[in-house]
Amino acid sequence: MNQAIDGFSLRNGSQIPCIGYGTWKTPNGDVAINAVSTALQCGYRHIDTAAGYRNEESVGLSILQSGLKREEVFITSKLPNAKRGYESTLAAFEQTLTELKTDYLDLYLIHWPANSRQFNDWEQINLNTWQAMTELYHAGKIRAIGVSNFLPHHLEALMHTPVKPMVNQIEFHPGLMWPETLEYCKANDICVEAWSPLGTGRILSNETLIDIAARYGKSVAQLCIRWVLQNDVLPLPKSLNPDRIAENLKVFDFEISAKDMAIINGMPYFGGSGLHPDAVDF
Ligand code: A2P
């Protein structure tokens, strides 16, 4: 990988630009329009949104206004939790297309698995949702389909369906690597994407990371993004600040040594969202 538009290959042969611009918590309207427009100007060609972020409308507008062709921008969105199930997935997907002002998505993900805390029939719910997504994929309305926040036991049920998940987007940053999920995804050719690769900003003041980053002449954010890539995971950093939006792409002019990778990989949990896929009640 030498630049953000270089692609990871998905199981179906499609390419996904190796850094995406994340939009979680970015408010719809001017804030999102300015941020996504800046990201596109800086060179991001992969925008990650979700119906649950309530900013698809502005994301779509920014892409339309950018002057880029639709096929030059890789767009990911996600099925909201309230719309799980076959019929409601089909309807929610159409709504997402309308909001984004496009007639196809590059990637559509189940945002969170139905889990056993909330549902006795959680596996069946996920399967019903997946069937709808599979049909949309076969109809050519989605170029690739996947999941988000799925642990191996959630993934397992979907691995015996005609189209297996191609992507799993999980919270991933120093101190939170979900090793079993990472191993499972790698063994099953599922591309792992990292949401909150900067630990929602909470890990950036860690002394170990500050020391390592200083040795490379890089910021801690750049170190974290590079560390994600060197773990063969696709980072989705987000920032609303134009300088930091640009800074987060400058991660291709250094390489973290094996020794430093081992130090960071070995760091214990020291902050993050605190959301666990089996514990959340949404
Ligand atoms: P800001 O929008 O003010 O730049 P994550 O992607 O892990 O969820 O982290 C996002 C948080 O990290 C945001 O609060 C964002 O704040 C901050 N952030 C993003 N990029 C950088 C950076 N290069 N340096 C410092 N903070 C950053």
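**Reading the fold and the ligand site**

Guide: The protein chain has 10 helices and 10 strands. This is a predicted model.

Visitor: How compact is the protein chain for its length?

Guide: Compare the radius of gyration with what the globule rule gives. Here the radius is 18 Å, close to the 19 Å expected from the rule for 282 residues, so the chain is as compact as a globular protein of that length. Along its principal axes, the C-alpha trace spans about 55 × 40 × 35 Å.

Visitor: What percentage of the residues count as buried?

Guide: Buried means under 20% relative accessible area. By that cut-off, 55% of the 282 residues of the protein chain are buried. The chain exposes about 11,800 Å², and 50% of that comes from carbon and sulfur atoms.

Visitor: Among contacts between residues at least 6 apart in sequence, how many join residues at least 24 apart?

Guide: In the protein chain the share is 74%.

Visitor: Which residues are closest to the ligand?

Guide: Start with the shell, then look at its makeup. The ligand is surrounded by 16 residues, and the closest are L198, K238, S239, L240 and R244. Sorted by class, the shell holds 6 nonpolar, 7 polar and 3 charged residues.

Visitor: Where do oxygen atoms of the ligand lie relative to S239, L198 and G199?

Guide: Take the side chain first. An N or O atom in the side chain of S239 is 2.5 Å from a ligand oxygen atom. The other two involve the backbone: a backbone N or O atom of L198 lies 2.7 Å from an oxygen atom of the ligand, and a polar backbone atom of G199 is 3.2 Å from a ligand oxygen. On its own the ligand has 560 Å² of accessible area, of which the protein covers 78%.

Conventions. Residues numbered from 1 in each chain as written. Predicted model: local features only at pLDDT ≥ 70, side-chain atom pairs only at ≥ 80, totals over all residues. Heavy atoms only, no water. Near = heavy atom within 4 Å. Polar contact = N/O pair within 3.5 Å; in protein donor to acceptor, adjacent residues only side chain to side chain. Areas by Shrake-Rupley, 256 points an atom, 1.4 Å probe, with all protein chains shown as cover. Nonpolar A, V, L, I, M, F, W, Y, C, P; charged D, E, K, R; others polar. Helix = DSSP H or I, 4+ residues; strand = E, 2+ residues; numbered from the N terminus. Rg over C-alpha atoms; globule rule 2.2 N^0.38 Å. Buried < 20%, exposed > 50% of the residue type's maximum accessible area, 1.4 Å probe, protein only. Contact = heavy atoms within 4.5 Å.
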